[in-house]
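This report goes through one protein model for a reader at the bench. Please keep the sequence and the coordinates open while reading.

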Amino acid sequence: MGNSAVEKLRYPIGKFIRPEIYSSEYLHNKIAAIASFPERLKNEVIHLTEEQLETPYRQDGWTIRQVIHHCADSHMNCFVRIKWTLTENKPLIKAYHEDCWAELHDNLTMPIQPTLSFLDGLHFRLAYIMNSLSEADLEKSFIHPEHNTVIQLKEIIGTYAWHGNHHLAHITELKKEKGW
């Protein structure tokens, strides 16, 4: 498989592109995508068999089960990062090793229903707090230690809307390929 084919499997909707301007319309649309993510995910995975859940979305990629649990892990970290940013002055957040988390026993074996339920509540809270952010709050930032990058809250709204859609596309593209 060529590099462009592998890249398409890895990034079926493309890589995240930061907008030049974080308009209120842009933020509103991204928060709506975050709010609707759990339902859209559930609609795609709830009827999958155990065998289908154990299918990697690409060669050397995570299984659908791991992707679902990863979304909860990642978006839970997003929620905590927002809380830190709103309550501390430019906090240095803790990074996590998503590949290692994806290989933990729960992500490899746990049923998906508890995670789908968790995502319902988590995304309600994410959308709720994101909708409450003032203009000043949107400018608040944290430091990500991986590249010592300063990231504003308005940026992670777009990033996590993309992240959910990115992993949802892993699942929908695999389902199309397999004819599920």
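The text below covers the nonpolar core, the largest pocket, the strand hairpin and four single residues.

This is a predicted model, in which local features need pLDDT of at least 70 and side-chain atom pairs count only at pLDDT 80 or more, whereas totals for chains, interfaces and linings use all residues. Residues are numbered from 1 along each chain as its sequence is written, and side-chain values use heavy atoms, with hydrogens and water left out.

**The nonpolar core**

A nonpolar core is here a set of buried Ala, Val, Leu, Ile, Met, Phe, Trp, Tyr and Cys residues joined through side-chain atoms within 4.5 Å; buried stands for under 20% relative accessible area, exposed for over 50%, and partly exposed for values in between, with a 1.4 Å probe and protein chains only. The largest such core has 45 residues, and the members that touch the most others are L41, V45, I68 and M130. Two or more residues come from each of α2 (24-45), α4 (64-87), α7 (113-132) and α9 (153-178), and α9 gives the largest share, nine residues. These elements are DSSP runs numbered from the N terminus, helices being H or I of at least four residues and strands E of at least two. If neighbours within four places in sequence are left aside, V45 is in contact (heavy atoms within 4.5 Å) with I64, I68, I112, L116 and I171.

**The largest pocket**

A pocket is an open set of points on a 1 Å grid over the protein atoms alone, where a 1.4 Å probe fits and protein lies on both sides within 12 Å along at least five of seven lines; lining residues have an atom within 4 Å of a point. The largest pocket holds about 1,200 Å³ of space, the volume being that filled by probe spheres set on the points, which are joined across faces, edges and corners. Its lining has 33 residues, of which E98, E146, T159, W162 and H163 are the closest to the centre. The elements that give two or more residues to this lining are α4, α5 (98-102), β1 (141-144), β2 (149-152) and α9, with α9 giving the largest share, nine residues. By class, the lining has eleven nonpolar, twelve polar and ten charged residues, where Ala, Val, Leu, Ile, Met, Phe, Trp, Tyr, Cys and Pro count as nonpolar, Asp, Glu, Lys and Arg as charged, and the others, Gly among them, as polar.

**The hairpin**

Strands β1 and β2 pair in the antiparallel sense over four bridges, pairing requiring that DSSP finds at least two bridges between two strands. H144 has T149 in β2 as its bridge partner. The two strands, β1 and β2, form a hairpin with four residues between them, and N148 in the turn has a positive phi of about 55°.

**Four single residues**

The table gives the place and relative accessible area of each.

| Residue | Place | Relative accessible area |
|---|---|---|
| K90 | loop between α4 and α5 | 40%, partly exposed |
| N148 | loop between β1 and β2 | 60%, exposed |
| R65 | helix α4 | 2%, buried |
| R40 | helix α2 | 26%, partly exposed |

K90, a residue other than glycine, has a positive phi near 45°. Leaving aside neighbours within four places in sequence, R65 is in contact with residues including E50, E54, N107 and T109, while R40 is in contact with A33, N165 and L168.
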